[in-house]
Amino acid sequence: MGTFPDGFLFGTAQSAHQVEGGNVNSDWWAWEHASGTACVEPSGDACDFYHRYGDDLVLMAGLGLNALRFGIEWARIEPEEGEFSRAALDHYRRILLACREHGLAAIVTFHHFTLPRWLQAKGGFLLDGFPALFERYCRRSAAALGDLMAYACTINEPEGLGEGGFVLGVNPPGRKEDIDGMWRVAGNVLEAHRRGAAVIRAEAHVPAGVTLALPDLQYEDGATPGAHPLELNARVSDQFFELARDDDFVGVQTYTRNRFGPHGPRGPHVELGKRLPPEQPDTTQLGQEVYPQALGNTIRRAWQRTGGTPILVTESGIATAFDEKRIRYVDAAMREVLACLAAGIEVRSYLYWSLLDNFEWSLGYGPTFGMVAVDRQTFARRPKPSAHWFGEVARARALPDPLV
Ligand code: BGC
C-alpha cells in the first residue's frame, strides 16, 4: 500500500478557544454567556492548554507525532484596538519554542472563529475595516513569532463564518437568514486572507495559506446543485480555491460527505441548531455519516481546483464514544491520502482533529473528537488506544496491514 514520504507531517489540530480556557476577552465567551443562544454550556477552563501545553507537547512527542497545528488568539494578543500584548505574544513564543524542542513542526492558525470583543462590537466580519485590522494583527504576530513557525494558516474555514453567524445564527453575532450579510462577510474574509497571507510572507517568510471546510458534496441523478445551507459554504470555497492558486499551500478539512437527491439532502447530515440524534454505527456524535472516503475526493478536488497548490490535510476527524471506530476511520482516511500521493498529488500532512476531547462550540463538551480524554475536574489526560495507534503509524510512516 506504500509508505508516507520522508518529512510527511503526522500530528493533531486544535484552535485556541477550544482548548486554552478562560478566553474572556473574546466574542465567543460573551456569546456562551448570553441568554437565548444555542450554546449548551460555556467553555470555562476548556482543557487548560494555556497552562498545560508543556505536558501536552511531551505527550505528543512521546507518542511519535511530529506536528501540531494550534491557534493563537487575537483577543489575547490585541485585547483593545491597537493595544498589543507583549505578554500574550511571549506566551505563544514559549509554546513555539517547546514545539521546536520536542520535534513538532508548528502549524499556526491566526484566526479560528473568535474575535476580540471590541472588534465584534464594531461590526466584526462585516466591518469595512476588517481586512486592514486583520492585516495589522498578522503583521505584529508574524514579526514576533514567525521565525518559529513551519506554516501559517490565516483564517480557519472562512466559508462558515458568514453562514454560522448570519444565516443559521449559531455563532456570534447570531443573525439569521441574512444571505446578503453572508456574502458581504465572504468578501471581507477573502480580502483579509489575501492581505494577511501577504504580510505574513513578507514579515516572516513563512509559507501561508487558508484552511477550507470541504465536505464531499455528492449529487445523485436528478439532483441539481443549488443553494441549500449545506451547499452555501461550497460556493464560498470555490472563490478561495481561486485565491489559493497563488498561496503556498491549501488546507483541506474534511469530516464527511453530504449527498443530494432530486428532493434535497439524503442520508445523515448535520442540522446545526437542532437536537443531535444519538450516535449509530454509521453516524457520529454530530449526526454526520461515517464516510472517511470523503477525504480522497476533497483532496483531489482541491488539487484540481487550485491548479496543483500543495495540500496540507489540516483537519480530519470523528466525534465518537467508540475509540475502535475512530481507529477504523483514521485508517481509512489515511489510506485515501496514500492513494492521492500515489496519484502524484502533493499532500504534506495528516492532522487529526483533535488531540484532546475539547470544547465543540455551541455543542459544548458532549462530542468527543479526542485521541486523548480529558478529566473535566482534574484536567488529567488519558490517551486512548487511537493515540498509540496513530503514534505507531507516524513512527513507521506506514499503515498496519488492512484491518479486517
Ligand atoms: C472546526 C473545528 C471543529 C471541528 C469539529 C471544524 O470545522 O475547524 O473548530 O471543532 O470542525 O466539528
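These are my notebook entries on the ligand surroundings, aromatic pairs and one buried serine of a predicted model.

**Entry 1. Ligand surroundings**

I listed the residues around the ligand and obtained Gln18, His112, Phe113, Asn156, Glu157, Tyr255, Leu286, Glu315, Trp353, Glu360, Trp361 and Phe369. I then looked up polar side-chain atoms facing ligand oxygen atoms. For Gln18, I found a polar side-chain atom 2.8 Å from an oxygen atom of the ligand. For Trp361, an N or O atom of the side chain is 2.9 Å from a ligand oxygen atom. For Tyr255, the corresponding distance from a side-chain N or O atom to an oxygen atom of the ligand is 3.4 Å. I also noted the cover: on its own the ligand has 310 Å² of accessible area, and the protein covers 89% of it.

**Entry 2. Tyr255 and Phe369**

I counted the aromatic pairs of the structure and recorded 19. One of them joins Tyr255 and Phe369, with an edge-to-face geometry, 5.9 Å between centres and 80° between the planes. I located Tyr255 in the loop between β7 (249-254) and β8 (257-261), and Phe369 in the loop between β11 (347-352) and β12 (372-374); the pair therefore ties together parts that are 114 residues apart in sequence. Both names also stand in my list of residues around the ligand. I checked exposure next. Tyr255 is buried, at a relative accessible area of 16%, and Phe369 is buried as well, at 5%.

**Entry 3. Ser354**

Which loop holds Ser354? I placed Ser354 in the loop between β11 and β12, the loop to which I had assigned Phe369. Its relative accessible area is 0%, so I entered Ser354 as buried. What does the side chain of Ser354 reach? I found the backbone oxygen of Ala13, at 2.7 Å. With neighbours within four places in sequence left aside, I recorded contacts of Ser354 with Thr12, Ala13, Gln14, Phe369, Gly370 and Met371. Phe369 thus enters my notes as a contact of Ser354, as the ring partner of Tyr255 and as one of the residues around the ligand.

**Entry 4. Other rings**

I looked up how further rings are grouped, and found one aromatic cluster formed by Trp74, Phe110, Phe125, Phe130, Phe134 and Tyr137. I then searched for charges placed over rings. The charged end of Arg257 sits over the ring of Tyr291, 4.0 Å from the ring centre. In a second case, Arg376 has its charged end over the ring of Tyr365, and I noted 3.7 Å to the centre.

Key. Residues are numbered from 1 along each chain as its sequence is written. This is a predicted model: local features need pLDDT of at least 70, side-chain atom pairs count only at pLDDT 80 or more; totals for chains, interfaces and linings use all residues. Side-chain values use heavy atoms; hydrogens and water are left out. Rings of Phe, Tyr and Trp (its six-membered ring) pair if their centres lie within 6.5 Å; planes under 30 degrees apart count as stacked, over 60 as edge-to-face and the rest as tilted. Helices (H or I, at least four residues) and strands (E, at least two) are DSSP runs, numbered from the N terminus. Buried means under 20% relative accessible area, exposed over 50%, partly exposed in between (1.4 Å probe, protein chains only). A charge sits over a ring if NZ of Lys or CZ of Arg is within 6 Å of the ring centre and within 35 degrees of the ring normal. A polar contact is a pair of N or O atoms within 3.5 Å; within protein, one must be able to donate a hydrogen and the other to accept it, and residues adjacent in sequence count only if both atoms are side-chain atoms. Contact means heavy atoms within 4.5 Å. A residue is near a molecule or strand if one of its heavy atoms lies within 4 Å of it. Accessible areas come from the Shrake-Rupley method with a 1.4 Å probe; for residues, only the protein chains shown count as cover.
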